[in-house]
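Me: I would be grateful for a close look at a single part of this protein. Please treat that part in detail and connect it with its surroundings.

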Amino acid sequence: MTNDPSMSDPTMPAAPQPDAGQQQYAPPAPDAGQQQYAPPPQDQQWAQPQPYSQMQPYGQVPGQMAVAPKNPAISLLISFFVPGLGSLINGNTQTGVIILALWVVGIVLTFFIIGFFVVLGAWIWGMIDAYQSAQRWNAQHGIIS
């Protein structure tokens with residue numbers, strides 16, 4: 001069976017054939033300054049992109065984990081509002097929990113006079129420890145600030 005539709009359907013007119021004197025269209029030859037597109041040789045082709053899961057952040061050595069520095073001022077500010085929370089964020093969990101528990105106990109003891117001193121002591125200790133534990137964490141991880 002042929003693919004020419006004029007052969008399968010006798011009612012369709014035949015496709016016009018070019019006369020012997022007519023030439024079919026041919027694209028112009030490229031000028032001396034123009035070159036036709038040719039794919040680059042195999043050794044010069046672009047490398048395939050890496051999957052997103054295998055990409056390394058800028059400046060990171062492959063195979064090593066990146067460590068973000070802790071900001072002592074942010075830790076101090078967090079402990080200003082909730083004593084012990086800055087120490088917890090910096091990874092000093094035991095001290096952070098002790099400071100937070102002491103602060104809560106001091107709030108309960110404010111019904112007695114001694115509670116004010118406990119709250120004030122836990123608040124100051126929490127800010128100092130948050131600042132120092134952030135500096136200590138940065139020093140342990142080789143981040144100089």
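In which helix is the place of Leu77? Please take that helix as the part to be examined.

Reply: The place of Leu77 is in helix α2. The model is a predicted one, and the description below should be read accordingly.

The setting may be given briefly. The secondary structure of the protein chain consists of 5 helices and 0 strands, and along the sequence the pattern reads α-α-α-α-α. The chain has 145 residues, of which 17% count as buried. Among its contacts with a separation of 6 or more, 52% are between residues 24 or more positions apart. The accessible surface of the chain amounts to about 12,100 Å², and carbon and sulfur atoms contribute 64% of that area.

Helix α2 covers residues 72-81. At the start of α2, Asn71 places a side-chain oxygen within 3.1 Å of the backbone nitrogen of Ala73. The residue Lys70 takes part in a contact of another kind: its charged end sits over the ring of Trp137, at 4.9 Å from the ring centre.

The buried side of the helix comes next. Pro72, Ser75 and Ser79 are buried in α2. These residues lie on the same side of α2, because the arc that they cover around the axis is only 60°. In general, an α-helix has 3.6 residues a turn, so residues three or four places apart point the same way. The buried residues of α2 pack against α3, which comprises residues 85-89, and against α5.

Ser75 shows this packing at the level of one residue. Ser75 belongs to helix α2, and its relative accessibility is 4%; because this value is under 20%, Ser75 counts as buried. Leaving aside residues up to four places away in sequence, Ser75 touches Gly86, Asn90, Ala130 and Ala134. With one of these residues, Asn90, the side chain of Ser75 also makes a polar contact of 3.1 Å.

Leu77, the residue named in the request, has a relative accessibility of 46% and counts as partly exposed. The C-alpha atoms of Leu77 and Ala130 are separated by 8.9 Å, although the two residues are 53 residues apart along the chain. Ala130 is also among the residues that Ser75 touches.

The aromatic residues of α2 deserve separate treatment. A search of the whole structure yields 2 aromatic pairs. One of them is formed by Phe80 and Phe81, whose rings meet edge-to-face, with 5.1 Å from centre to centre and 90° between the planes. Since an angle over 60 degrees counts as edge-to-face, this pair falls into that class. Phe80 is partly exposed, with a relative accessible area of 39%, whereas Phe81 is exposed, with a value of 57%.

Phe80 also pairs with Trp123; here the arrangement is tilted, with 5.3 Å between the centres and 55° between the planes. Phe80 lies in α2 and Trp123 in helix α5 (residues 114-140), so this pair ties together parts that are 43 residues apart in sequence. Trp123 has a relative accessible area of 28% and is therefore partly exposed. Taken together, Phe80, Phe81 and Trp123 form one aromatic cluster.

Because helix α5 is a partner of α2 in this pair, two residues of α5 may be added for context. Gly115 lies in helix α5 and, at 0% relative accessibility, counts as buried. Apart from residues up to four places away in sequence, Gly115 touches Gly106, Leu109 and Thr110. Gly115 and Val104 are 11 residues apart in sequence, with a C-alpha to C-alpha distance of 9.7 Å. Phe117 is likewise found in helix α5, but Phe117 counts as exposed, at 59% relative accessibility. From Phe117 to Ile107 the C-alpha to C-alpha distance is 9.9 Å, and these two residues are 10 residues apart in sequence.

To summarise, the buried residues of α2 pack against α3 and α5, and the pair of Phe80 and Trp123 ties α2 to α5 as well.

Notes: Residues numbered from 1 in each chain as written. Predicted model: local features only at pLDDT ≥ 70, side-chain atom pairs only at ≥ 80, totals over all residues. Heavy atoms only, no water. Phe/Tyr/Trp six-rings, centres within 6.5 Å; stacked < 30°, edge-to-face > 60°. Buried < 20%, exposed > 50% of the residue type's maximum accessible area, 1.4 Å probe, protein only. Helix = DSSP H or I, 4+ residues; strand = E, 2+ residues; numbered from the N terminus. Lys NZ or Arg CZ within 6 Å of the ring centre and 35° of its normal. Polar contact = N/O pair within 3.5 Å; in protein donor to acceptor, adjacent residues only side chain to side chain. Contact = heavy atoms within 4.5 Å. Arc of directions from axis to C-beta. Areas by Shrake-Rupley, 256 points an atom, 1.4 Å probe, with all protein chains shown as cover.
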